[in-house]
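This briefing covers a predicted model of a protein chain with a bound ligand. Points are grouped by topic.

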Amino acid sequence: MGSENFQVDLHGIVDLLSNHLYSSPRVYLRELLQNAVDAITARQAAEPQAPARIDVRTGPDRLSITDTGIGLRPDEVRELLATIGRSSKRDEIGFARTEFLGQFGIGLLSAFMVADEIEVLTHPTAGPTTRWVGTADGRYTISEADPAEETGTTVTLKARRGAEQWFKQATVIELIKLFGALLPLEIRVDGERVTEGKAPWENTGATQRAELVGYAQDKLGFTPFDVIPLNNPAAGLTGVAFVLPFPANPAERATHRVYLKRMLLAEGVEGLLPDWAFFVRAVIDTSELRPTASREALFDDGNLEETREALGAQLRGWLVRLGSTDPQKLDRFLAIHQLGVKALALHDDELLRLVHRWLKFETNHGRMTSAELHERYGEIRYAATIEEFRQLAAVAAAQQLTVVNGGYTYDSELLERLPDVVPGLAVSRFDPTELSTSFDSLDPETELALRPFVRLAQEALDAVGCEVVVRAFDPAGLPAIYLVDRSAQFAAELRSTKSKADALWSEVLGALDTHDDSRPQLVLNHRSPLVRRMAGLADPELARLAVEGLYGHALMLGYHPIGPADSALVNRSFLGLLDQAVPTQEDPK
Ligand SMILES: Nc1ncnc2c1ncn2[C@@H]1O[C@H](COP(=O)(O)OP(=O)(O)OP(=O)(O)O)[C@@H](O)[C@H]1O
């Protein structure tokens with residue numbers, strides 16, 4: 001039985017490349033540039049003084065790229081250009097050789113995404129010049145050409161119909177600048193030098209910072225809050241992280257500009273930095289990290305993971321340093337990137353210590369750091385939701401209790417984690433029932449005397465499903481407080497849904513509404529002189545208006561939602577009270 005070779009359908013392969021591997025046909029220029037650079041690298045290994053130039057020429061529907069690289073001998077042309085997947089850039093065992101950019105042996109094919117025909121004219125250091133012409137239908141010819149003067153290779157593409165836009169001079173210049181900005185070679189397009197060959201962070205000296213800021217403005221579109229140098233020798237990595245001057249969305253994965261062996265890999269690379277580092281955009285060059293076959297992302301291996309950790313440590317170091325050297329700047333940073341820092345502190349002790357010292361929490365006694373709270377009170381108590389905090393802040397303050405608003409994103413979790421890094425600090429969730437125990441009951445006699453007033457008040461508030469109780473609590477200046485517990489909140493929502501739903505649903509929901517002890521409470525304060533005066537009012541209509549007024553006031557004080565029934569009640573009360581307050585006058589005759 002004889003064995004046969006696979007046949008390859010080039011159309012199929014090109015379709016695969018253009019529709020499934022590369023994100024845009026524009027990468028054809030990157031692949032050509034890369035081959036030119038590799039050829040120059042290979043030649044310089046033997047001839048260190050050899051020229052290192054790449055010349056790109058654009059013409060109507062045509063592009064050529066000439067390098068002063070090693071060139072190919074006729075047998076190499078036959079072997080390398082005629083076999084898909086064959087590359088000269090792997091060692092005997094098949095590993096990618098680190099000095100080269102290419103490795104897969106498919107890059108040249110990408111030119112078929114934009115060209116019908118590719119011509120390679122190549123002249124090795126020793127040997128004849130060879131012309132190879134390949135067409136998109138999978139045929140090629142090889143012939144000997146007139147000897148070229150210089151060692152090197154020229155690759156010429158003829159535009160495919162419909163792909164002409166990729167051959168325009170302006171587009172070509174833009175793409176060469178994009179991919180090749182850092183390549184340490186002379187690269188010209190139609191005679192004009194278009195790249196600098198240096199990374200912005202490699203210019204040391206007094207102007208370095210200004211240059212980096214300018215780079216961020218130009219290339220990334222913002223003026224960085226600060227610039228943090230990055231490096232990780234293990235990954236042959238250097239670069240910078242630009243701190244965003246505006247809050248970044250923590251849910252969005254931060255992307256970074258990555259150069260691989262000085263050639264642009266992509267502008268939107270994910271996974272280079274830890275997830276928590278969403279407040280920076282990095283620009284880096286690495287020689288050791290591996291690309292995916294499309295060369296548009298980093299291969300997520302152990303090496304990348306170690307790099308991520310090393311770079312994360314550098315960002316954290318910057319923050320910690322800022323805390324000790326420039327607290328005001330740190331304050332400004334925190335004002336912008338609160339969320340990022342909090343998220344990070346949740347699983348990073350060092351950052352948590354920083355948060356403890358520098359991040360201000362909202363309390364019912366003003367904004368304070370947890371360190372200040374610890375120093376003053378020895379312990380920290382927090383309300384777990386914003387609603388709870390609002391409801392309790394005033395009363396707790398009157399009882400000399402400092403309560404932190406733990407309702408903002410991450411705050412409760414952060415507070416709970418603080419004792420891990422602050423020895424001797426106790427943190428507890430403030431329990432609203434704790435507060436109501438300091439609502440003192442009245443003595444039976446007073447209770448009895450107040451009964452008619454409470455009955456009247458209860459009648460007034462039945463319409464809004466609120467229960468009235470009288471207790472004595474501080475501050476005396478606070479006449480009433482509206483308390484909702486979780487089940488009451490549910491019942492209130494249920495009732496409001498019911499009032500909007502049709503008859504059938506009303507019945508179903510009605511069955512769920514088990515009522516009563518879950519009703520919200522309006523707790524009237526017997527220590528309040530106002531409440532006492534109200535209880536003593538002889539005019540029941542006026543007493544009723546006053547109770548309704550207090551109800552509205554308590555709702556607003558606790559930032560509670562005001563439904564249609566509530567606002568009807570409050571309106572009635574307000575107008576009624578006004579009516580009583582403004583004396584009637586005789587109409588002027
Ligand atoms: N400008 C050039 N000068 C010399 N040799 C070249 C040139 N362009 C291509 N070659 C040869 O052709 C081979 C195939 O090139 P191709 O671009 O298809 O793959 P590659 O560069 O090896 O790998 P990759 O697919 O990762 O780019 C290369 O390995 C190289 O030997």
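**Arg357 and helix H8**

Arg357 counts as partly exposed because it has 16 C-beta neighbours inside 10 Å, where 20 or more would make a residue buried and 12 or fewer exposed. The points below start from this residue and its helix, then turn to the nonpolar core, the ligand, the domains and the confidence scores.

- Arg357 is found in helix H8, which spans residues 349-358.
- Leaving aside residues up to four places away in sequence, Arg357 touches Gly323, Thr369 and Ala371.
- Between Arg357 and Ser573 there are 49 Å from C-alpha to C-alpha, and the two are 216 residues apart in sequence.
- Helix H8 has buried residues at Leu351, Leu352, Leu354, Val355 and His356.
- Those buried residues pack against four helices and a strand: helix H6 (302-325), helix H7 (327-345), helix H9 (370-377), helix H11 (411-417) and strand S15 (366-369).

**Nonpolar core**

- In soluble globular proteins, nonpolar side chains tend to be buried together.
- The largest nonpolar core of this model comprises 137 residues.
- Ala111, Val280 and Leu522 have the most contacts inside this core.
- Helix H2 supplies nine residues, the largest share of this core.
- Leu522 touches Leu461, Cys466, Val468, Ala480, Tyr482, Tyr551 and Ala554, with residues up to four places away in sequence not counted.

**Ligand shell**

- The shell around the ligand holds 23 residues, of which Ala39, Ser87, Ser88, Gly102 and Gly107 come nearest.
- By type, the shell divides into 10 nonpolar, 10 polar and three charged residues.
- At least two shell residues come from each of helix H2 (27-46), helix H3 (74-81) and strand S6 (152-159).
- H2 gives the largest share of the shell, with five residues.

**Domains**

- The chain is divided into domain 1 (3-193), domain 2 (200-325), domain 3 (327-436) and domain 4, the last made up of 439-484 and 520-581.
- The centres of domain 1 and domain 3, taken over C-alpha atoms, are separated by 61 Å.

**Confidence**

- Mean pLDDT for the chain is 87, with 91% of its residues at 70 or more.
- Residues 504-515 have pLDDT below 50, and this stretch has 11 contacts in the model beyond near neighbours in sequence.
- The ipTM is 0.97 and the pTM is 0.71.

Conventions: Residues are numbered from 1 along each chain as its sequence is written. This is a predicted model: local features need pLDDT of at least 70, side-chain atom pairs count only at pLDDT 80 or more; totals for chains, interfaces and linings use all residues. Domain bounds come from an automatic or database domain assignment. A residue is near a molecule or strand if its C-beta atom, placed from the backbone, lies within 6 Å of it. Ala, Val, Leu, Ile, Met, Phe, Trp, Tyr, Cys and Pro count as nonpolar, Asp, Glu, Lys and Arg as charged, and the others, Gly among them, as polar. pLDDT is the predictor's confidence in each residue, from 0 to 100. Two residues are in contact if their C-beta atoms, placed from the backbone, lie within 7 Å. A nonpolar core is a set of buried Ala, Val, Leu, Ile, Met, Phe, Trp, Tyr and Cys residues joined through C-beta atoms within 7 Å.
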